[in-house]
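Trainee: I'd like to practise reading sheets and helix packing on a real example. Could you walk me through one?

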Amino acid sequence: MAKVIEGLYYSESHEYVRVEDGFGYIGITDYAQHALGNVVYVDMPETDDEVTAGEEFGAVESVKAASDLNSPVSGTVTEINEALEDSPEMINQDAFANWIIKVEMSDTSELDNLMDAKAYEEFCKEQE
Amino acid sequence: MNNKLYGNLIFELSKEGRRGYSLPANRFGNYPVPKELQRKEEAGLPECDELTVVRHYTNHSSNNFGVNNGFYPLGSCTMKYNPAIDEEMSAMPEFSNLHPLQPHHTVAGAEDVCNLLSESLKAITGMEAFTLKPYAGAHGELTGLMIIKAYHESRGDMKRTKVIVPDSAHGTNPASAAVCGLSVVEVKSRADGTVDVDDLRSILDETVAAMMMTNPNTLGLFEKSIPEIAELVHSHGALMYYDGANLNPMLGACRPGDMGFDVMHINLHKTFATPHGGGGPGAGPVGVRKGLEQFFPTVSPYQGNFAVAMRAYAYILSLGKENIKMVGPLATLNANYIKESLKDVYELPIDGLCKHEFVFNGLKDKSTGVTTMDVAKRLLDYGYHAPTIYFPLLFHESLMIEPAENESKETMDGFIEVMRRIAEEAKTEPDTVKNAPHNTPIGRVDDVLAAKHPIVTYRQMCNNKQEQ
């Protein structure tokens, strides 16, 4: 069963946002990494790029599929997780510890449109 | 093939200075290539005698697997057998020796073939006009979208920048739209696997250029709401595009032109039995309804892949108007026969009648951790080509099976028996399945390593060895 962590915000396209010190750390959920299988490449934006809620900011490729990454919130990318360039498999090892981009959010009220852990868990069950 | 004796790369068989030919003395003098055009280093080509080369390639060719070797239920690809008569017709020197730039009056026969094929395709699809120029399915999609774009622009309607594509669509649909400079909006599927008309209604507006649909869709399901969808899309001024990837089960049963589609392409290499797999050559003729033929773009100065068109026309003629009507029903019957015979051991996510193909979501009993990938690999051990796996993306363990209409009941029974045996093995000896294949020239390959560190040339292989 896929892991879900309390306190994060979840999107219907299986990204999460962890809010820490006012920044949003965005990655894909454990459910998503399970569904994708072995991740072989993460296509990331560059620092200072703008991301928009609901719009694509990159992609994750696995041996099974390539999947777009949609940003759950809008803002400016302040950092990307460079370790994923050489070791994309870290997403399979721990999807929640290995965020993909760090974003300075421009509108924190967008978080209200996302699901909490409980709602996301239900959502995943419906998907099965 | 004995891999130890004959499994080397041709480069590994190279001996410096060895030749498979001897040229007569040069009586004409030397005319050297200008210095600036000469290579600066040796080309590094393998040097072998003729017999070594012949054995090398003959042995490797025996490792190949095609429709002529065995059952090839690769869903979404329609790996249909190519009858020998089609090959004979297209290999006739009168056709195969033509040059594309030959004077017009010397190619009247080939032109006749193109015109007659177009006429046949018009009758089969209900479209008004066809162009045979596109070189493959995705090229046909691009051509079709260019027609749609040109149509809107001709009306001075410049704000149509979006194409609606179902979430079950082939990946080429959004790719073609992007290449054509259009953006993609996804429409959701309902629980029954068909397009969600309510979701479509909420997306449609005056910025939509077209709706692309595959029917039956990639789940092998017939889209029942086409008349309603076509009316809705047309009422917003957009056009309907039919992706002919799955035209096979429709042959003789119904026509896209009658359903309200405005533009479509056909994959001749699927529906009309010409060889494919391994990247072509294909052919993707595009048909349009009346009034749109003026927007055919010039996507090629030639008549497309003529040899493929020739085979398709031979196929259509050899079946004839009466028999071609049986293609769709037989393909549908075969797919449903396999589906019904296996659905107690493989998970069927959407029940009911399918068309020419269907999707399982892996094994019904997943408790031993045997995945769709493992089942596919194990099938190779039993001499079958694997079905399409992990597509469509709507399910996690997609296993997509498509028998073409010309497979016999005995062939399908053999396949069903093996699929049931693998399901049994998954329970009793899961490791055998997880480590498959065992009887193939190469065992389980490491996909992750291959994706992350691809070695595709001999030079890369040598460099890689040095690094280790």
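Trainee: In which sense do strand S2 (residues 162-166) of chain B and S3(B) pair, and over how many bridges?

Mentor: Strands of a sheet pair through backbone hydrogen bonds, either parallel or antiparallel. Keep in mind that this is a predicted model. Here S2(B) and S3(B) run parallel, and their pairing spans five bridges. To find the register on screen, look for B:Lys162, which stands opposite B:Ser183 in S3(B).

Trainee: What is the strand order of the whole sheet in chain B?

Mentor: The order is S1-S7-S6-S5-S4-S2-S3, an open sheet of seven strands with mixed pairing. Strand S1 (129-131) and strand S3 (183-187) of chain B are the edges, each pairing on one side only. From one strand to the next, the twist averages 25 degrees.

Trainee: Which strands does helix H7 (residues 172-179) of chain B touch?

Mentor: H7(B) packs on the sheet against S2, S3, strand S4 (208-214) and strand S5 (239-244) of chain B. The direction of H7(B) makes about 175 degrees with that of S2(B).

Trainee: Now for helix against helix. At what angle do helix H5 (residues 108-125) of chain B and helix H12 (residues 306-323) of chain B pack?

Mentor: Their angle is about 55 degrees, and the axes are 10 Å apart. That makes H5(B) oblique to H12(B), because the perpendicular class covers 65 to 115 degrees and the parallel one lies under 35. The crossing is left-handed. On the H5(B) side, the contact residues include B:Val113, B:Leu116 and B:Leu117, while H12(B) offers B:Phe306, B:Met310 and B:Ile316 among them. By class, the contact of H5(B) with H12(B) has 11 nonpolar residues, one polar and no charged.

Trainee: And how do H3(B) and H12(B) cross, left-handed or right-handed?

Mentor: Right-handed. The axes of helix H3 (residues 84-91) of chain B and H12(B) come within 8 Å and cross at roughly 135 degrees, which means that H3(B) is oblique to H12(B). Among the residues that meet are B:Ile85, B:Asp86 and B:Met89 from H3(B), and B:Met310, B:Arg311 and B:Tyr315 from H12(B). The contact of H3(B) with H12(B) divides into six nonpolar, two polar and three charged residues.

Trainee: Where does UniProt place a domain feature in chain B?

Mentor: An unreviewed UniProt entry gives "domain: Aminotransferase class V" at residues 159-277 of chain B. That span is 28% helix and 23% strand, and its end C-alpha atoms lie 39 Å apart.

Terms used:
Residues are numbered from 1 along each chain as its sequence is written. Chains are lettered from A and ligands numbered from 1 in the order in which they are written. This is a predicted model: local features need pLDDT of at least 70, side-chain atom pairs count only at pLDDT 80 or more; totals for chains, interfaces and linings use all residues. Axes are lines fitted to C-alpha atoms, for helices over the stretch in contact, and angles run from 0 to 180 degrees between N-to-C directions. Helices (H or I, at least four residues) and strands (E, at least two) are DSSP runs, numbered from the N terminus. Angles under 35 degrees count as roughly parallel, over 145 as roughly antiparallel, 65 to 115 as roughly perpendicular and the rest as oblique. A crossing is left-handed if the near helix is turned anticlockwise from the far one by less than a right angle, and right-handed if clockwise. Two residues are in contact if their C-beta atoms, placed from the backbone, lie within 7 Å. Ala, Val, Leu, Ile, Met, Phe, Trp, Tyr, Cys and Pro count as nonpolar, Asp, Glu, Lys and Arg as charged, and the others, Gly among them, as polar. UniProt positions are given in the numbering used here, feature names are shortened, and annotations may be inferred rather than shown by experiment. Two strands pair if DSSP finds at least two bridges between them.
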